[in-house]
Every structure is written in C-alpha cells, then in structure tokens.
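Here are my notes for you on this model. Keep the structure open as you read the points.

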Amino acid sequence: MNQQQILDSLAGLALFSDLDRPRLQAVAHTMSEESFPSGQRILRQGFSGSGFFVILEGEVVVRVDGGDVAVLGKGDFFGEISLLLGEPPIADVVAVGPVRALHLAGPELRDFLLDYPQVMYRMLQAVGRRLDRANRRS
Amino acid sequence: MPLTSPEKRALLESVPLFRDCHSEVLDRLAEMTAEIAFDADAPIVQQGQVGNGLYIVVRGGASIVAGSDELARLGPGDFFGELSVIDQQPRTATAYAVGDTVCLALASWDLVSVLEQDPQLAMNLLKVLAGRLRAADAQLRH
C-alpha cells in the first residue's frame, strides 16, 4: 500500500474522521503499516509489549482462555486498554484471514493521544460505548 | 452556606480525575459546576433517563444501583454520570444519596467543552473508563 492509499483508508475510519488532511498525513507517518497472515496472534493474553492496532483490512477474533468473545473488522482498534492501564492484555487477538493494520508502539500511545485530542475523544466515546454494553450485560 | 468558587476549585483540584489539568481549566470548572444537596436515599440520577451531566461527590456518598444490584458505592472525590454524556445513551444505573450528600454537578455541554480544551482531562477520563471496562469484562467472565 502506498502512502496515498493508506491516507485514503485512514480518512474513512471513524477514529480519524475529525482530522484534516495534514493531520491524517502526520498520523500515517507516525503509525506503521503491518500485515499478518491468517492465524497469527497479534496480541497475546498475559504478554505485554505489543502496542496499539487499528485494522485497515481483514478481521480478527478476540479470544479469552480459548473462547471467542468478539470479532473486529475494518476501523476497529485494539490494544489500547492494556496500554492505558499498564497491564498485559487479557485476551488473544488472532487474525482471521489476512489482516492489514496500523501499529503504534505501546510507549507512544499516550503522547500520540495528547497530540491528537480529536482521536482521543473518539476513543473515549468508543470505550464509553463498550463499557455501556458491558454494564447492560451484567 | 454555598461553596465559593475558590473553595470549589480547591475541592476539584483534589479529585484524581482533574489531576494535572491546566490551571485555567480548573478555574473554568469552579465557575461551571453547581453545588447540589440531596437528602439521604434520594435519587441523584435515574436509570433510563437522558444524561445531563457529571457528578462529583463532595460530602456523603452515592450508591450506584442497576436493577436490584449495587454496582458500586462512591465517596467524596469520586465521580459518576460521565458515561451517558460521552456516549449519549440513557443512564445505565441509578445513583442514590448515601446519607445527606452534596455533589458538584457539571452539565454535559460543559464537560464536553473542557474535554476538548484539555487533552490531559480526556486522558484521565479515558484511563478511568479503561479500568472500569476491564473490571466489567473480568466480572462477566467469572
């Protein structure tokens, strides 16, 4: 994927939808594009140090103790909760088919969000909605 | 006697949610928050209602109840009500005053405005929500 294609896919994602073109370009430079073959574990339950991922293409399954709890697709992101809390992930995240994602190294997430407050606000809303759903289930 | 703005500011400064926030943001918060008193056992917010703001406990406490389950019991310095502001969904729980209770209330639009003004506040809130989400996920699995 060239820079222009990455930029176009970024612009279509809710997480980045409040950013203008120059800010999107800066995000595309800051995050690295990574590809994962089907079956690869991108995050490992209990192992820290993997980072923050935003899915550009493909699907992943979130697996806790061997059981599937969620499927994530284009525009969804993962890894942020562990990084924000400074704790290892409580789930495996495994590619289902080939996956392309943007990656940010763990230690960079905090400054990244402070640099892009609109992205942080979108993340806050997404985490809020997930918490809302979790509360309604319990 | 109602709290003065400097008194409110001092209280807000001691709340972990506002740690490391800009000084001007704390000034604005002291101006924007309203002090509200609740009798013991009175509902502060009610499940199913549209959220109108965030509440910070100053004195007394709050019992957070969903259906017949008490989800949490909060005391001075704790806050609640932020979720329905952020995701614009109806309240997921009712909060009852534990004993005579005083809260500082921050209206939804004011919370959104300070979140946009101070990324550090958004970061603090994001961390709190991340912690609550993880606790909720852990509870669901056990």
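1. Start with the overall size of chain B in this predicted model. Chain B has 142 residues, and a compact globule of that length would have a radius of gyration near 14 Å. The value for chain B is 15 Å, so the two agree. Along the principal axes, the C-alpha atoms of chain B fill a box of roughly 45 × 35 × 25 Å.

2. Next, the elements. Chain B holds 5 helices and 8 strands. Read from the N terminus, their order is α-α-β-β-β-β-β-β-α-β-β-α-α.

3. Now the packing of chain B. Of its 142 residues, 38% count as buried. Take the contacts in chain B with a separation of 6 or more: 74% of them join residues 24 or more positions apart.

4. Turn to helix α5 of chain A, residues 117-137. What span should its 21 residues have at 1.5 Å a residue? The expected span is 30 Å, and the end C-alpha atoms are 30 Å apart, so the helix agrees with the rule. Several residues of α5(A) are buried, among them Pro117(A), Met120(A), Leu124(A), Val127(A) and Leu131(A). Gly128(A) and Asp132(A) are buried too.

5. Last, the place where the chains meet. Here 24 residues of chain A are in contact with 26 residues of chain B. On the chain A side, α3 (80-85), α4 (109-115) and α5 each supply at least two residues. The largest share comes from α5(A), with 16 residues. By class, this side of chain A has 15 nonpolar, 4 polar and 5 charged residues.

Note on methods: Residues are numbered from 1 along each chain as its sequence is written. Chains are lettered from A and ligands numbered from 1 in the order in which they are written. This is a predicted model: local features need pLDDT of at least 70, side-chain atom pairs count only at pLDDT 80 or more; totals for chains, interfaces and linings use all residues. Helices (H or I, at least four residues) and strands (E, at least two) are DSSP runs, numbered from the N terminus. The radius of gyration is taken over C-alpha atoms; the globule rule is 2.2 Å times the number of residues to the power 0.38. A residue is buried if 20 or more other C-beta atoms lie within 10 Å of its own, exposed if 12 or fewer, and partly exposed in between; C-beta atoms are placed from the backbone. Two residues are in contact if their C-beta atoms, placed from the backbone, lie within 7 Å. The expected span of a helix is 1.5 Å times one less than its number of residues. Ala, Val, Leu, Ile, Met, Phe, Trp, Tyr, Cys and Pro count as nonpolar, Asp, Glu, Lys and Arg as charged, and the others, Gly among them, as polar.
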